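Hello,

I promised to pass this one along, so here it comes. Have a look at it first, and then read on for my notes.

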Amino acid sequence: MSTGTEPQPARAMRADARRNYLRLLAEARAAFAEHGTDASLEDIARHANVGIGTLYRHFPNRHALMSAVFEEAVSDLLDRSRALLEDPQPCSALVTWLRAIITHAGEYRGLSRALMSASHDDSSALSRCSRPMREAGTALLVRAQQAGAVRPGVSIGDLLQLTNAIALAAEETPDEPELADRLLMLTLRGLKADGSAPEDCRTGTAGSAAA
């Protein structure tokens, strides 16, 4: 998948078709942000001044549209993961990246649930997002494991599923802004064989994420 800052259509297209594609993306972002990822595709098409058939020509299903909308966030998360590979505290770097995933998933209600359901479905358009995310997360996880901060049996697939579950829990409990951090630290304790949170992981709290 493209990792540029602007989502790219799968093939070269005429100028008018490209304008329709970009209008649909803009309207989808706005609709997903306001109404969640279950927003009406018909309304998205109407606000983009195109027919629903045009939307489906560009995006065969809802997951394809969600994947295109989320692609820019994925690009940002991949850039962040590469920068965090230089962090001298591997576990803190991993936690900071996981928190960034939770933040991005929280931008669109329903996205975390969709990512969880698509994680083991290679036929889903959202799997285009999960593959590079798994690769990026694996690099950070391996560093933390090599540093002895995370036990060897932890897999990036399980960790991303837990992260999406935390994002979903935070989404469904908006009146508890600290819930995601609490759940993430509980998850972190489970990464250690002795159930403790390593010192370099504890620094990956809100202050570290904002840095």
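Is Tyr108 buried or exposed? Tyr108 is buried, since its relative accessible area is 10%, under the 20% cut-off for that label. Please keep in mind throughout that this is a predicted model.

Tyr108 has an aromatic partner, which brings me to the rings. Searching the whole structure turns up two aromatic pairs. One of them joins Phe32 and Tyr108 in an edge-to-face arrangement, with 6.4 Å from centre to centre and 80° between the planes. The two residues come from distant parts of the chain, 76 residues apart: Phe32 belongs to helix H1 (residues 15–35), while Tyr108 sits in the loop between H5 and helix H6 (111–118). Phe32 is buried as well, because its relative accessibility is 1%, again under 20%.

Next, a charged residue that may catch your eye. Asp87 is located in the loop that runs between helix H4 (62–84) and helix H5 (90–105). Asp87 is buried but makes no salt bridge. Why does Arg143 not count as a salt-bridge partner, given that Arg143 is the nearest side chain of opposite charge? The distance to Arg143 is 5.9 Å, and a salt bridge has to be within 4 Å, so the pair does not qualify. Arg143 is nevertheless in contact with Asp87, as is Ala93, once neighbours within four places in sequence are left aside. The side chain of Asp87 also has a polar atom 2.7 Å from the backbone nitrogen of Gln89.

Helix H7 gave me two more residues to show you. Met133 is found in this helix and counts as buried, because its relative accessibility is 7%. Leaving out neighbours within four places in sequence, the contacts of Met133 are Val74, Leu77, Leu78, Trp97, Ile101 and Leu160. Met133 and Ser81 are 52 residues apart along the chain, and their C-alpha atoms are separated by 9.1 Å.

The other residue is Gln145, also in helix H7 (residues 127–146). With neighbours within four places in sequence set aside, Gln145 is in contact with Val150, Arg151, Pro152 and Val154. How far apart in space are Gln145 and Lys192, which are 47 residues apart in sequence? From C-alpha to C-alpha, Gln145 and Lys192 are 9.9 Å apart.

If you open just one view, I would suggest the ring pair of Phe32 and Tyr108, followed by the loop with Asp87.

Best wishes

Terms used. Residues are numbered from 1 along each chain as its sequence is written. This is a predicted model: local features need pLDDT of at least 70, side-chain atom pairs count only at pLDDT 80 or more; totals for chains, interfaces and linings use all residues. Side-chain values use heavy atoms; hydrogens and water are left out. Helices (H or I, at least four residues) and strands (E, at least two) are DSSP runs, numbered from the N terminus. Buried means under 20% relative accessible area, exposed over 50%, partly exposed in between (1.4 Å probe, protein chains only). Lys and Arg count as positive and Asp and Glu as negative; His and the chain ends are not counted. A polar contact is a pair of N or O atoms within 3.5 Å; within protein, one must be able to donate a hydrogen and the other to accept it, and residues adjacent in sequence count only if both atoms are side-chain atoms. Contact means heavy atoms within 4.5 Å. Rings of Phe, Tyr and Trp (its six-membered ring) pair if their centres lie within 6.5 Å; planes under 30 degrees apart count as stacked, over 60 as edge-to-face and the rest as tilted.
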